[in-house]
Amino acid sequence: MSLLVAGAGVVATPRGNVALAGPRQRQIDLLPGAVVRCEGAEIVFVGEAREHDRRFRRPDELLDAGGGTVIPGFVDPHTHLPFAGYREDEFDRRLAGDSYAQIAAGGGGIVATVAATRAASFDELLALTLQRLDRQLLAGTTTTEAKSGYGLELEAELKQLRVLREAAHRHPVEIAATAMPAHEVPPEWRHDPDGYVELIVARIHPAIAAQKLAEGVDVFCERGVFSPHQTRRVLADVHRYGWRVHLHADELSDLGGAKLADELAAASASHLLHVSPEGIAALAQGGVVAVLLPGVSFFLRERYAPARELVDAGVPIALATDCNPGSSPTESMPAIMALACLGARLSSEEALVAATVNSAAALGRAARIGTLEVGKQADLVVLDAPSPKHLVYHYGVNLVRHVVKAGRVVVRDAGLLR
Ligand SMILES: [Zn+2]
């Protein structure tokens with residue numbers, strides 16, 4: 001089965017198989033009038049239409065880009081997709097002046113989501129997750145990471161990850177599942193956080209690994225959650241499981257999370273609002289991808305991560321939605337890119353690299369997805385826009401017209417194909 005994407009005003013893509021840092025973080029190739037040909041799941045040609053017609057026969061299927069912009073499908077490298085229990089009531093309380101901590105103290109916050117997620121049936125959780133995957137796909141995301149971490153007990157963590165496995169079978173969006181029982185200390189272990197750490201190490205992680213339900217692991221390293229010492233303990237055995245390591249680091253305070261990410265050879269460190277200059281140097285030296293979540297800064301009206309300092313130090317930046325009910329309830333990568341530019345001062349080119357090849361690198365996938373090059377998987381988006389800058393400039397609306405996943409058209413004329 002061959003597919004030709006033709007009629008584009010421009011094809012815009014980063015290049016390469018690794019995370020791009022420093023000046024390379026803003027290198028986007030612009031190919032006016034180029035076509036993209038896919039054979040099966042793979043890209044076999046990107047270039048001039050005339051050369052294509054000389055070298056290839058007519059494709060089985062033609063997708064008209066309508067003068068728009070063709071870009072790689074977005075990769076969202078940090079989400080908490082499989083949750084139940086939205087928290088829209090807290091939103092008005094926060095606007096009225098209550099802090100996140102005050103709301104949490106009253107039984108709201110993450111504890112409310114944990115209770116709702118534990119109570120949800122497998123089918124309820126699956127339906128919610130598929131709905132969010134639909135929204136991601138309609139906004140141009142073709143691969144997403146997704147974490148457990150609202151179960152915080154063996155069976156509920158397994159349920160969240162089994163939901164992700166089932167969703168991956170049913171939905172075109174590719175899912176990278178991450179085990180995160182160390183997202184928070186659950187209420188029943190508040191008196192003994194170290195006891196919960198030992199439960200994770202002795203029972204929860206081994207069970208997840210035995211059922212092959214995850215390809216990575218994440219820990220929320222923060223004051224009042226898991227200390228650096230506890231984080232090391234949670235991760236002590238994970239090399240046995242072959243899991244990629246991710247950290248929630250330096251979000252609310254500088255606990256040395258970035259340096260810990262380097263020490264633990266983490267693939268990515270997320271948040272980093274309070275990262276120190278030493279932490280930035282450690283990320284650069286370790287080749288750790290900094291996953292920035294500007295949706296959280298916007299939604300909680302907090303400061304933004306020091307994106308310019310990170311880029312200038314040579315740390316590759318990726319962007320993610322952090323899709324979750326408390327601090328960033330959105331599935332839209334273009335919305336996140338606009339916030340990264342307006343709030344954290346990335347350029348539109350840096351934001352596009354951050355949302356594609358660098359986020360693919362954070363998930364160990366940069367050799368396969370994240371750019372439009374021969375040999376890569378054919379994951380692409382056709383935008384109803386004359387240039388990729390419109391992704392951030394023309395904000396607040398969905399410019400995605402068509403989406404191709406692994407060589408198959410899965411969104412046409414802004415509608416899902418079933
Ligand atoms: Zn998160």
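# A tour from helix α8 outwards

Start by selecting Thr-231, which sits in helix α8, residues 228-234. This is a predicted model, so keep that in mind at every stop. Colour Thr-231 by accessibility: its relative value is 0%, so the residue counts as buried. Now show what surrounds Thr-231. Leaving out residues up to four places away in sequence, it touches Val-219, Cys-221, Phe-226, Leu-247, Leu-260 and Leu-264.

**Zoom out to the whole chain**

Switch to a cartoon view. The protein chain carries 16 helices and 19 strands. Turn the C-alpha trace onto its principal axes, and it spans about 70 × 45 × 45 Å. How does the radius of gyration compare with that of a compact globule? For 418 residues such a globule would have a value near 22 Å; the protein chain has 21 Å, which agrees.

Next, colour every residue by burial. Of the 418 residues in the protein chain, 59% are buried. Then draw the contacts with a separation of 6 or more. Residues 24 or more positions apart account for 72% of them. Add the surface. The protein chain exposes about 16,000 Å², and carbon and sulfur atoms supply 52% of that area. Finish this view with the charges. There are 42 positive and 50 negative ones, and their mean positions lie 4 Å apart.

**Aromatic stops**

A search of the whole structure gives seven aromatic pairs. Select Tyr-241 and Trp-243 for one of them: the pair is tilted, with 4.9 Å centre to centre and 50° between the planes. The planes are tilted because their angle is neither under 30 degrees nor over 60. Is Trp-243 buried or exposed? Its relative accessibility is 9%, so Trp-243 counts as buried.

Move on to Phe-83, Tyr-86 and Tyr-150. These three form one aromatic cluster.

**Helix α1 and a long distance**

Select Asp-53 in helix α1, residues 49-55. Asp-53 counts as exposed, because its relative accessibility is 54% and the cut-off for exposed is over 50%. Now set a distance monitor from Asp-53 to Leu-272. Their C-alpha atoms are separated by 48 Å, and the two residues are 219 residues apart along the chain.

**Two aspartates with positive phi**

Select Asp-322 and Asp-413 in turn.

- Asp-322 has a positive phi of about 60°, although it is not a glycine. Look for it in the loop between β15 (317-319) and α13 (333-344). Its relative accessibility is 3%, so Asp-322 counts as buried.
- Asp-413 also lacks the glycine excuse: its phi is positive, at about 50°, and it is not a glycine. Find it in the loop between β18 (408-412) and β19 (415-416). With a relative accessible area of 58%, Asp-413 is exposed.

**Into helix α13**

From the loop that holds Asp-322, carry on into α13 (333-344). Select Pro-334, which lies in this helix. Buried or exposed, which is Pro-334? Pro-334 is buried, with a relative accessible area of 11%. Show its contacts, again without residues up to four places away in sequence: Pro-334 touches Phe-74, Ala-139 and Leu-391. Then add a distance to Pro-23. The C-alpha atoms of Pro-334 and Pro-23 are separated by 22 Å, with their positions 311 residues apart along the chain.

**Last stop: helix α11**

Select Ser-297 in helix α11, residues 294-299. Ser-297 counts as buried, because its relative accessibility is 2% and buried means under 20%. Which residues is Ser-297 in contact with, leaving aside its neighbours within four places in sequence? Pick out Leu-273, Glu-302, Arg-303 and Tyr-304. Close with one more distance monitor. From Ser-297 to Glu-350, C-alpha to C-alpha, the separation is 19 Å in space and 53 residues in sequence.

Methods: Residues numbered from 1 in each chain as written. Predicted model: local features only at pLDDT ≥ 70, side-chain atom pairs only at ≥ 80, totals over all residues. Heavy atoms only, no water. Helix = DSSP H or I, 4+ residues; strand = E, 2+ residues; numbered from the N terminus. Rg over C-alpha atoms; globule rule 2.2 N^0.38 Å. Buried < 20%, exposed > 50% of the residue type's maximum accessible area, 1.4 Å probe, protein only. Contact = heavy atoms within 4.5 Å. Areas by Shrake-Rupley, 256 points an atom, 1.4 Å probe, with all protein chains shown as cover. Lys, Arg positive; Asp, Glu negative; His and termini not counted. Charge placed at Lys NZ, Arg CZ, Asp CG, Glu CD. Phe/Tyr/Trp six-rings, centres within 6.5 Å; stacked < 30°, edge-to-face > 60°.
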